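This report considers selected side-chain contacts, the sheet and the aromatic pairs of one protein chain. The sequence and structure follow.

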Amino acid sequence: MKACDSSSVLARAIAEQEHMVTARRTIHHRPELGFEEHATARLIADRLQALGLEVRTGVGGTGVLAVLRGYEPGPTVALRADMDALPVCEETGLPYTSAHAGLMHACAHDMHCAVLLGVAALLKGYASKLRGTVVFMFQPAEETDGGARAFIDAGVLSEHAPDAVFGLHMWPDLKVGKVGIRPGPVMASLDSFDIELVGSTAHGAMPHRGRDAVVAASSVVLGLQQIVSRNVDPMEAAVVTVGTLHSGKARNIIADHATLTGTVRTLGEPIRELVASRIEKVVAMCAGACDVESHVTYDRLLPTLVNDKLMCQIAATSAREVLGPECIENTTPSMAADDFSLYAERVPGCYVFFGCTAAGDPAYPLHNGHFSPSEDALPVACAVMARLCIDYSHYSAAQLAGEFEAGRQD
């Protein structure tokens, strides 16, 4: 016996689309940066309280946590949506375009929140078919890489002890109706570096009497670009990007100081450690060759986001039941990062990518001022995520502990 009928779940999600669209457009119209999502959190909390869920606000700063309990004890599933916007100028021209100059939901977090609100509404209606508990995590500050850590530090995982965690991301490289699920590494680790070079000034016409930080910085930039091409196996993935370089005060003075900042992305710990080590050595060697001092600060911010194989199998099965056997696409890993990795590092998890580009529409990339995902993706994601929670709650302990088999308990 099936826990619920797939066509019914999708039909209910489509019926919920108008409410999701309204929530999405309201959030989109008033974007807020990380840890400033006060209006967004109020809207979300009000919607969840109206559904009769247990709701807590101010979690990890501005986050919202809600709990829905099924008809009998069972596993606990956590769902994550991110709430923060980006410092991007919107260029979509939509009627509900950002009212806050220089801020935009250019990474679909407005869509993610709307989907999770829809899932809460659907599961509330299916509470008689849901075993266990669903924890809804509306998390702040994903873009600043601090929100998930703040949620974890607030005790969310320890208090609710989820058996599985699922997240979602609208993905413009996929068409509406397609679902990207891939076991293993799916998004990169995130590290940052700050480099300081210290020399001495001299007249620009007498460079031999100074120690030029500009030349040293230029050498460092070129040296760092050779780390991936000459130290990393071509079959592995890594990115080293120098994003800023500041040096000098006048055109005719040898600069005595330079600072560089950048980011490193990898898909595995061995390559991550290799790149970090090489950055230290390259900077030291380039600085030494230019007779300047160097200081490197290297911060490991986020681990690689690794999808659990079993959770991927379960998610893919639920998606196929809702959308048909051809809906799954085995997407390639992205060198972007997401702090969902901190949850998946602690709890078996799966990050699911949903197509959000309508047929014939341009696929503007994430973090672009023209990014405008199709709202037809909302009921698709809502139905799959809701079905996933119901299905997961009906798998037996033996299935979840061992080899996955399609089908649930009666």
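In this predicted model, the side chains of Thr-62 and Glu-37 form a polar contact at 2.4 Å. Thr-62 belongs to the loop between β1 and β2 (63-69). Its relative accessibility is 6%, and Thr-62 therefore counts as buried, the limit for that class being under 20%. Apart from neighbours within four places in sequence, the residues in contact with Thr-62 are Phe-35, Glu-36, Glu-37, His-38, Ala-41, Met-83 and Pro-140. Glu-159 lies 97 residues from Thr-62 along the chain, and the C-alpha atoms of these two residues are 18 Å apart.

**The sheet and its helices**

The strand β1 that precedes this loop is also part of an open sheet of eight strands, ordered β1-β2-β4-β3-β5-β14-β6-β13 with mixed pairing. Its edges are β1 (54-59) and β13 (328-329), each of which pairs on one side only. Within the sheet, β5 is joined to strand β14 (residues 349-357) by eight bridges in the parallel sense. One residue with a bridge partner in β14 is Trp-171, whose partner is Gly-355.

Two helices that lie on or across these strands are set out below.

| Helix | Strands touched or crossed | Angle |
|---|---|---|
| α9 (residues 309-323) | β5, β6 (179-180), β13 and β14 | about 35° to β14 |
| α11 | β3 (72-82), β4 (131-139), β5 and β14 | about 150° with the direction of β5 |

**Aromatic side chains**

The description of ring pairs rests on two quantities: the distance of the centres and the angle of the planes. Ring centres must lie within 6.5 Å for a pair to be counted, and by this rule there are five aromatic pairs. In one of them, Phe-166 and Tyr-392, the centres are 6.3 Å apart and the planes stand at 75°, so the arrangement is edge-to-face, a class that requires an angle over 60 degrees. Phe-166 is in strand β5 (residues 164-175) and Tyr-392 in helix α11 (residues 377-394), so this pair ties together parts that are 226 residues apart in sequence. The pair thus accompanies the packing of α11 on the sheet, where β5 is among the strands touched. Are Phe-166 and Tyr-392 buried or exposed? Both are buried.

A single aromatic cluster is formed by Trp-171, Phe-340, Tyr-343, Tyr-351 and Phe-353. Trp-171 is thus a member of this cluster as well as a bridge partner of Gly-355 in β14. Elsewhere, Arg-12 lies over the face of Tyr-126, at 4.2 Å from the ring centre.

Terms used
Residues are numbered from 1 along each chain as its sequence is written. This is a predicted model: local features need pLDDT of at least 70, side-chain atom pairs count only at pLDDT 80 or more; totals for chains, interfaces and linings use all residues. Side-chain values use heavy atoms; hydrogens and water are left out. Rings of Phe, Tyr and Trp (its six-membered ring) pair if their centres lie within 6.5 Å; planes under 30 degrees apart count as stacked, over 60 as edge-to-face and the rest as tilted. Helices (H or I, at least four residues) and strands (E, at least two) are DSSP runs, numbered from the N terminus. Buried means under 20% relative accessible area, exposed over 50%, partly exposed in between (1.4 Å probe, protein chains only). A charge sits over a ring if NZ of Lys or CZ of Arg is within 6 Å of the ring centre and within 35 degrees of the ring normal. Two strands pair if DSSP finds at least two bridges between them. Contact means heavy atoms within 4.5 Å. Axes are lines fitted to C-alpha atoms, for helices over the stretch in contact, and angles run from 0 to 180 degrees between N-to-C directions. A polar contact is a pair of N or O atoms within 3.5 Å; within protein, one must be able to donate a hydrogen and the other to accept it, and residues adjacent in sequence count only if both atoms are side-chain atoms.
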